[in-house]
Amino acid sequence: YDFQKTYVGLGSVSFAEQSEENNAGNPFKQKLEFRFPNHDENRSERIALIKKAKYFKINLTNGKNIIIGRNDFYQNAKPKCVFKSNQSSTEVEVQTISMFPAGYSVLTSFGLPSFLPIQL
């Protein structure tokens with residue numbers, strides 16, 4: 001996948017995950033929140049691109065990353081995106097329900113398909 005880089009400050013991004021037990025298994029509710037200033041001319045294009053995203057990758061300061069959006073083996077549902085705006089910023093809340101907990105990954109695949117988040 002072609003991850004597009006964007007920058008957000010440490011104070012403007014958060015990630016949370018919560019598991020619940022039901023008859024189908026142990027799904028994990030994952031939520032990523034970030035915000036960006038909305039007083040530039042590319043705001044509407046940025047929101048349109050975010051709505052098309054299937055995965056979100058958080059690059060951490062320790063060199064690792066977390067990929068959000070893989071809800072099952074085939075990723076049959078895109079993440080849900082909720083947008084909230086005011087006069088100065090737009091907040092994006094990305095919600096997924098996954099059969100897998102989020103984990104650290106590296107995107108080096110050593111011959112395996114590049115869409116598999118793996119860590120060797």
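The exercises below work through the core, the strand pairing and the charged side chains of a predicted model.

**Exercise 1. Describe the largest nonpolar core and state which elements give two or more residues to it.**

Solution. Begin with the membership: the largest nonpolar core holds 12 residues, namely Leu32, Phe34, Phe36, Ile47, Ile50, Ala53, Phe56, Ile58, Ile66, Ile68, Val92 and Val94. Next, assign these residues to elements: two or more of them come from each of strand 2 (28-37), helix 1 (43-52), strand 3 (56-59), strand 4 (65-68) and strand 6 (89-98). The largest share, 3 residues, is the contribution of strand 2. As a general background to this step, nonpolar side chains in soluble globular proteins tend to be buried together. Finally, take one member and follow its surroundings: setting aside residues up to four places away in sequence, Val92 touches Leu32, Glu33, Phe34, Phe36, Ile50, Val82 and Phe83.

**Exercise 2. Work out how strand 6 is paired, and decide whether it is largely enclosed or open.**

Solution. Take strand 2 as the starting partner: it runs antiparallel to strand 6, and 10 bridges join the two. Within this pairing, Phe34 stands opposite Val92 of strand 6, and both Phe34 and Val92 belong to the core described above. Then turn to strand 5 (residues 80-85), which also pairs with strand 6 in the antiparallel sense, here over 6 bridges. Strand 5 and strand 6 form a hairpin with 3 residues between them, and Val82 has Glu93 as its bridge partner in strand 6. The last step concerns burial: 7 of the 10 residues of strand 6 are buried, so this strand is largely enclosed by the rest of the structure.

**Exercise 3. Describe the hairpin of strand 3 and strand 4, and identify which residues of strand 4 are buried on each side.**

Solution. Strand 3 and strand 4 pair in the antiparallel sense over 4 bridges, and Lys57 has Ile67 as its bridge partner in strand 4. Between the two strands of this hairpin lie 5 residues, and Gly63 in the turn has a positive phi of about 90°. Now examine the two faces of strand 4, both of which are covered: Asn65 and Ile67 are buried on one side, while Ile66 and Ile68 are buried on the other.

**Exercise 4. Find the salt bridges, and then examine the charged residue Glu93.**

Solution. The count comes to 2 salt bridges. In one, the side chains of Lys29 and Glu20 meet at 3.4 Å, N to O; Lys29 counts as partly exposed at 41% relative accessibility, and Glu20 is likewise partly exposed, with a relative accessible area of 37%. In the other, Lys31 is bridged to Glu33, with the closest N and O atoms 4.0 Å apart, and Lys31 is partly exposed at a relative accessible area of 34%.

Then consider Glu93, which is found in strand 6 and is buried without having a salt bridge. The nearest side chain of opposite charge, that of Lys84, is 4.1 Å away, whereas a salt bridge requires a nitrogen-to-oxygen distance within 4 Å. The Glu93 side chain does, however, have a polar contact of 2.3 Å with the side chain of Gln95. To complete the picture, and leaving aside neighbours within four places in sequence, Glu93 is in contact with Lys31, Leu32, Glu33, Lys80, Cys81, Val82 and Lys84.

Notes. Residues are numbered from 1 along each chain as its sequence is written. This is a predicted model: local features need pLDDT of at least 70, side-chain atom pairs count only at pLDDT 80 or more; totals for chains, interfaces and linings use all residues. Side-chain values use heavy atoms; hydrogens and water are left out. A nonpolar core is a set of buried Ala, Val, Leu, Ile, Met, Phe, Trp, Tyr and Cys residues joined through side-chain atoms within 4.5 Å. Buried means under 20% relative accessible area, exposed over 50%, partly exposed in between (1.4 Å probe, protein chains only). Contact means heavy atoms within 4.5 Å. Lys and Arg count as positive and Asp and Glu as negative; His and the chain ends are not counted. A polar contact is a pair of N or O atoms within 3.5 Å; within protein, one must be able to donate a hydrogen and the other to accept it, and residues adjacent in sequence count only if both atoms are side-chain atoms. Two strands pair if DSSP finds at least two bridges between them.
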